[in-house]
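Thanks for sharing this one. Here are my notes, point by point, to read alongside the model.

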Amino acid sequence: MRLLYSLNPMVGVINGFRWAILGGESQIYLPGFVLSVGLVVLMLASGIWYFRKMGRTFADVV
């Protein structure tokens, strides 16, 4: 269940913030953190690709 919860990209940010504030008392769930970072990179790459593909016609539509 925890790995499924980690599909939300904000889970890595929240857990990292919790770890930084509590000073190591809270453990980072490493598989979930890696999954979250991977999803963020995938979404960033797909967003850049889509923007470059649609960039020429985007200004005309808006």
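1. Helix H2 has the length one would expect: its 13 residues at 1.5 Å a residue should span 18 Å, and the C-alpha atoms at its ends are 18 Å apart, so the two values agree. Please keep in mind that this is a predicted model.

2. Which residues of H2 are buried? They are Val-11, Gly-12 and Asn-15. These residues lie on the same side of H2, because the arc they cover around the axis is only 95 degrees. A general point helps here: an α-helix has 3.6 residues a turn, so residues three or four places apart point the same way.

3. The other side of H2 carries Phe-17, Ala-20 and Ile-21, which are exposed. Trp-19 also belongs to this helix, residues 10–22. Trp-19 counts as partly exposed because its relative accessibility is 42%, and the cut-offs for that class are 20% and 50%. Just after H2 comes Gly-23, whose phi is positive, about 70 degrees.

4. Have a look at the nonpolar surface patch, which covers about 610 Å². Trp-19 is one of its members, together with Ile-28, Leu-30, Phe-33, Val-34, Val-37 and Val-41. Helix H3 (residues 30–61) supplies the largest share of this patch, with five residues.

5. Is Ser-6 buried or exposed? Ser-6 is buried, because its relative accessible area is 2%, and buried means under 20%. Ser-6 sits in the loop between helix H1 (2–5) and H2. Apart from neighbours within four places in sequence, its contacts are Val-11, Tyr-29, Gly-32, Leu-35, Ser-36 and Leu-39. One of these partners, Val-11, is a buried residue of H2. As for spacing, 15 Å separates the C-alpha atom of Ser-6 from that of Phe-17, which is 11 residues away along the chain.

6. Leu-3, in helix H1, is worth a look too. With a relative accessibility of 45%, Leu-3 counts as partly exposed. Leaving out residues up to four places away in sequence, Leu-3 touches Tyr-29, Pro-31, Gly-32 and Leu-35. Tyr-29, Gly-32 and Leu-35 also appear among the contacts of Ser-6. Between the C-alpha atoms of Leu-3 and Ile-14, 11 residues apart along the chain, the separation is 15 Å.

Methods: Residues are numbered from 1 along each chain as its sequence is written. This is a predicted model: local features need pLDDT of at least 70, side-chain atom pairs count only at pLDDT 80 or more; totals for chains, interfaces and linings use all residues. Side-chain values use heavy atoms; hydrogens and water are left out. Patches are made of residues with over 30% relative accessible area and no salt bridge: like charges are joined within 9 Å, nonpolar side chains (Val, Leu, Ile, Met, Phe, Trp, Tyr) within 5 Å. Accessible areas come from the Shrake-Rupley method with a 1.4 Å probe; for residues, only the protein chains shown count as cover. A salt bridge is a side-chain nitrogen of Lys or Arg within 4 Å of a carboxyl oxygen of Asp or Glu. Helices (H or I, at least four residues) and strands (E, at least two) are DSSP runs, numbered from the N terminus. Buried means under 20% relative accessible area, exposed over 50%, partly exposed in between (1.4 Å probe, protein chains only). Contact means heavy atoms within 4.5 Å. The expected span of a helix is 1.5 Å times one less than its number of residues. The arc is that of the directions from the helix axis to the C-beta atoms.
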